[in-house]
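This briefing introduces one protein structure, beginning with a single residue and then turning to the chain as a whole. Please keep the sequence and the structure in view while reading.

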Amino acid sequence: MAACVLALAAPAAAEKGEHLLALRGEYARTVDVHGGGLGVAYAYGFTDLWNLYADFTWSRHLAGTALALDRMGGTVGVQIHLDAFQWVPYFVLGLGGEAAVTPGPTGSVTPGAFVGQALLGVDYRPIRKLGVGAFVSWTQRFVGDVPSHLAAGVRLVTYFQ
């Protein structure tokens with residue numbers, strides 16, 4: 001019976017042309033405010049090691065009990081992942097844009113751009129089509145007044161051809 005299961009089990013390794021879709025929750029912190037957020041990420045494997053990567057995130061930041069800002073951003077970059085085993089470490093380096101929306105009667109939208117968003121994570125991929133993981137990322141602003149920030153969180157990943 002065990003031999004039959006092993007013979008029919010699909011390996012959990014990446015392939016060229018594989019797509020990844022991830023939903024994530026995160027804790028985000030700037031210099032003086034903290035918050036939580038949600039995101040979605042997509043990756044396309046143009047080799048079994050390199051992926052084209054894109055994401056969109058939203059987070060709400062609080063200063064004490066008051067809303068400080070809502071931050072929305074998108075990233076495009078490359079992902080390197082070592083997907084040959086059930087534990088899949090990965091690194092993303094990207095460029096992107098973001099906006100901060102401040103509340104109040106004179107609320108404003110502040111655009112910004114960032115370079116060097118570095119995201120480091122690991123996924124556990126027990127079966128070929130599904131994985132769960134954790135990540136940490138740093139986003140360094142270089143244009144605009146949106147603050148640079150650190151984020152950490154968890155994600156649920158699905159893989160498909």
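With which side chain does the side chain of Thr75 make a polar contact? The partner is the side chain of Gln117, at 3.3 Å. The model discussed here is a predicted one.

**Thr75 and its surroundings**
- Thr75 belongs to strand S4, which covers residues 66–81.
- Thr75 counts as buried because its relative accessibility is 4%, and buried means under 20%.
- Leaving aside residues up to four places away in sequence, Thr75 touches Tyr53, Ala54, Asp55, Gly94, Leu95, Gly96, Phe114 and Gln117.
- Gln117 therefore appears both among the residues that Thr75 touches and as the partner in the polar contact, where the two side chains meet.

**Overall fold**
- The secondary structure of the protein consists of 1 helix and 8 strands.
- Along the sequence, these elements follow the pattern α-β-β-β-β-β-β-β-β.
- The C-alpha trace spans about 65 × 30 × 20 Å along its principal axes.
- Of the contacts between residues at least 6 apart in sequence, 55% join residues at least 24 apart.

**Surface and charge**
- The protein has 161 residues, and buried residues make up 39% of them.
- The exposed area of the protein is about 8,500 Å², of which carbon and sulfur atoms supply 74%.
- There are 10 positive and 11 negative side chains in the protein.
- The centres of these two sets of charged side chains lie 3 Å apart.

Notes: Residues are numbered from 1 along each chain as its sequence is written. This is a predicted model: local features need pLDDT of at least 70, side-chain atom pairs count only at pLDDT 80 or more; totals for chains, interfaces and linings use all residues. Side-chain values use heavy atoms; hydrogens and water are left out. Helices (H or I, at least four residues) and strands (E, at least two) are DSSP runs, numbered from the N terminus. Buried means under 20% relative accessible area, exposed over 50%, partly exposed in between (1.4 Å probe, protein chains only). Contact means heavy atoms within 4.5 Å. Accessible areas come from the Shrake-Rupley method with a 1.4 Å probe; for residues, only the protein chains shown count as cover. Lys and Arg count as positive and Asp and Glu as negative; His and the chain ends are not counted. The place of a charge is taken as NZ of Lys, CZ of Arg, CG of Asp or CD of Glu. A polar contact is a pair of N or O atoms within 3.5 Å; within protein, one must be able to donate a hydrogen and the other to accept it, and residues adjacent in sequence count only if both atoms are side-chain atoms.
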